[in-house]
Amino acid sequence: LYPHRTVQVLGMVRAPGHYILKHGMRASDALSLAGDIVRPMASPDRSVLVRRSTEAGKDPITYPIYFYEIYENGDPTTNYVLEPGDLIYVPPTAFRRAAFFIEDLLSPIAALLSPILGPASFALYAADPNRR
């Protein structure tokens with residue numbers, strides 16, 4: 001994929017990645033391509049659109065996206081038309097951030113216990129699709 005013809009969707013979505021930008025594509029369209037938000041672990045109204053500045057050397061511009069307002073209330077205000085190279089980030093909830101921290105703490109322990117419990121138990125832990 002060519003970055004100049006794609007948008008990127010990251011964070012708490014089912015299939016994060018690069019998606020081909022189509023003419024007139026909006027933030028909600030890109031979110032749909034990424035498999036929608038992982039509920040209840042995402043904070044859809046804390047999402048952001050990050051867009052490169054048109055001026056050389058300037059920092060990217062960040063716009064808030066309120067997906068709850070878009071989907072539940074039909075408010076198109078933050079359903080921006082996307083441009084090549086845009087990035088949409090759907091952040092995790094505070095609860096999920098705490099879970100990431102705990103998983104990171106337990107990961108070395110799980111590796112140590114793997115020989116005792118058997119490699120299959122660690123493989124299941126490592127292959128968990130909900131793990132970052």
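This report walks through a predicted model of one protein, from its overall layout to a small charged network and a few local details.

## Overall layout

Let us start with the whole chain. The protein has 132 residues, and buried residues make up 30% of them. Its secondary structure comes to four helices and five strands. Read from the N terminus, the order of these elements is β-β-α-β-β-α-β-α-α. Contacts across the sequence matter for the picture that follows: of the contacts with a separation of 6 or more, 56% are between residues 24 or more positions apart.

## Strand β3 and its partners

A good place to look next is strand β3, which covers residues 47–51. This strand has two faces: S47, L49 and R51 sit on the covered one, while V48 and V50 sit on the uncovered one.

Two other strands pair with β3. With β4 (residues 61–65), β3 runs antiparallel, and five bridges join the two. If you would like a marker for this pairing in your viewer, take V50, whose bridge partner in β4 is T62. With β5, the pairing is also in the antiparallel sense, over three bridges. Here the marker is L49, whose bridge partner in β5 is I88.

## The charged network around R51

R51, on the covered face of β3, is also where the salt bridges of this model come together. The count of salt bridges comes to two, and both are set out here.

| Salt bridge | Closest N to O distance | Separation along the chain |
|---|---|---|
| E83 and R51 | 3.5 Å | 32 residues |
| D86 and R51 | 2.7 Å | 35 residues |

In general, side chains of opposite charge can pair when their charged atoms come close. The E83 and R51 pair links distant parts of the chain, with E83 in the loop between α2 and β5 and R51 in strand β3. The D86 and R51 pair likewise links distant parts of the chain, as D86 belongs to the loop between α2 and β5. Because these salt bridges share partners, R51, E83 and D86 are joined into one network.

How buried or exposed are the members of this network? R51 has a relative accessibility of 12%, so it counts as buried. D86 counts as buried too, because its relative accessibility is 1%, and the cut-off for buried is under 20%. E83, by contrast, is partly exposed, with a relative accessible area of 37%.

## A closer look at D86

D86 deserves a little more time. The loop that holds D86 lies between α2 (67–73) and β5 (87–90). Besides its salt bridge with R51, the side chain of D86 has a polar atom 2.8 Å from the backbone nitrogen of E83. E83 therefore meets D86 through its backbone and R51 through its side chain, with the salt-bridge rule covering the side-chain pair.

Which residues does D86 contact once its neighbours within four places in sequence are left aside? They are T6, V7, Q8, L49, V50 and R51. Three of these, L49, V50 and R51, belong to strand β3.

## A cavity elsewhere in the model

The structure holds one cavity of 30 Å³ or more. About 30 Å³ of space lies inside the largest cavity. Its lining is made up of I37, R39, P44, F67, Y68, Y71 and E72.

## Two loop residues to inspect

The first is G24, in the loop between β2 (17–20) and α1 (27–33). With a relative accessibility of 41%, G24 counts as partly exposed. Setting aside neighbours within four places in sequence, G24 is in contact with D29 and V81. The C-alpha atoms of G24 and Y80 are separated by 9.5 Å, although these residues are 56 residues apart along the chain.

The second is D36, in the loop between α1 and β3. What is the phi of D36, which is not a glycine? The angle is positive, at about 75 degrees. For context, most residues other than glycine have a negative phi. D36 is partly exposed, with a relative accessible area of 32%.

Terms used
Residues numbered from 1 in each chain as written. Predicted model: local features only at pLDDT ≥ 70, side-chain atom pairs only at ≥ 80, totals over all residues. Heavy atoms only, no water. Polar contact = N/O pair within 3.5 Å; in protein donor to acceptor, adjacent residues only side chain to side chain. Contact = heavy atoms within 4.5 Å. Buried < 20%, exposed > 50% of the residue type's maximum accessible area, 1.4 Å probe, protein only. Pairing = 2+ DSSP bridges. Salt bridge = Lys/Arg side-chain N within 4 Å of Asp/Glu carboxyl O. 1 Å grid on protein atoms, 1.4 Å probe; cavity = no way out; pocket = protein on both sides within 12 Å on 5 of 7 lines; lining within 4 Å. Points joined across faces, edges and corners; volume = space filled by probe spheres on them.
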